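Good morning, colleagues. Please have the sequence and the model open as I speak; I shall take the fold first and the side chains afterwards.

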Amino acid sequence: MNTDRTGVAQQPGSQWFDGEAGPLVRPYAMTGGRTRPGPTGVRLDLIALVTLDPGAPGAADDAALGPEHRTLIALCRTETQSVAELAAGTDLPVGVVRVLLGDLLESGRVTVSRPVPPAQLPDERILREVIEGLRAL
C-alpha cells in the first residue's frame, strides 16, 4: 500500500481510502442522510431479489447517478441478486444499499421481487406424496 504526500494510505485504484480510518466517504454522505428507501417507503428484505429492469433508461442516463448506484446497476446487469449479495458485492452496509436500491427502484432502473412467505409455500407432505406417485409410475 502506498502513501500520498499527506501520509494518507492509498490502495491501488482508490483515492478515497485511509488505511487507518477506513473509507473517507461515510454512509450518510452516500445516502444524503436518508435512512429509509425513497418516499414510497418500500421495505427491502435481505433475501428480496433485485433485477435490472429491461426497460430501464440507457447507459447515457447513468451519468446522473452516483458511483454507488452505478456499481449496484453493474452487479445487477450480470444476474439477479439478493439485497444481501449486493451489500456484500459493494462492501457497503445493508442499510445504505437499501436506500440506494430504493432510489433505483423509483427511477425504474431495477425491479424487486419479494420472497414467498412460508405460509404460501406448498405443504412438504403433499410434495413427498407427489414424488412417491411419480416414482411408482
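**Sheet, core and salt bridges**

Helix H4 lies across strands S5 and S7, and runs at about 115° to S7. I should say at once that this is a predicted model. A second helix, H2, lies across S5 and S6, at about 90° to S5.

Let me turn to the sheet itself. Three strands make up an open sheet, ordered S6-S5-S7, with antiparallel pairing. Its edges are S6, residues 81-82, and S7, each of which pairs on one side only. Between S5, residues 49-52, and S7 there are four bridges in the antiparallel sense. As a point of orientation, Leu49 stands opposite Ser113 of S7.

Next, the core. Which residues have the most contacts inside the largest nonpolar core? They are Val50, Leu72, Val83, Leu86, Val97, Leu101 and Leu104, in a core of 19 residues. At least two core residues come from each of H2 (67-78), H3 (83-90), H4 (94-106) and strand S7 (110-113). H4 gives the most, namely five residues. In general terms, nonpolar side chains tend to be buried together in soluble globular proteins.

H4 therefore merits a closer look, as the helix that gives the most to this core. The helix has 13 residues and reaches 18 Å from its first C-alpha to its last, close to the 18 Å expected. Its buried residues include Val96, Val97, Val99, Leu100, Leu101 and Leu104, and also Gly102 and Asp103. Leu104 is in contact with Leu65, His69, Leu72, Ile73, Arg109 and Val110, leaving aside neighbours within four places in sequence. Just after H4, Gly108 takes a positive phi of about 80°.

Finally, the charged side chains. How many salt bridges are there? The count comes to two. In one, the side chains of Glu124 and Arg128 meet at 2.6 Å, N to O. Both residues lie in helix H5, residues 124-136, four residues apart, or about one turn. In the other, Glu129 is joined to Arg125, with the closest N and O atoms 3.1 Å apart. Why can Glu129 and Arg125 be described as about one helical turn apart? Because they are four residues apart in H5. An α-helix has 3.6 residues a turn, so residues three or four places apart point the same way.

Are the two glutamates buried, exposed or partly exposed? Glu124 is partly exposed, with a relative accessible area of 48%, and Glu129 is likewise partly exposed, at 46%.

Thank you for your attention.

Terms used. Residues numbered from 1 in each chain as written. Predicted model: local features only at pLDDT ≥ 70, side-chain atom pairs only at ≥ 80, totals over all residues. Heavy atoms only, no water. Core = buried A, V, L, I, M, F, W, Y, C linked by side-chain atoms within 4.5 Å. Buried < 20%, exposed > 50% of the residue type's maximum accessible area, 1.4 Å probe, protein only. Contact = heavy atoms within 4.5 Å. Expected span 1.5 Å × (residues − 1). Pairing = 2+ DSSP bridges. Axes fitted to C-alpha atoms, helices over the stretch in contact; angles between N-to-C directions. Salt bridge = Lys/Arg side-chain N within 4 Å of Asp/Glu carboxyl O.
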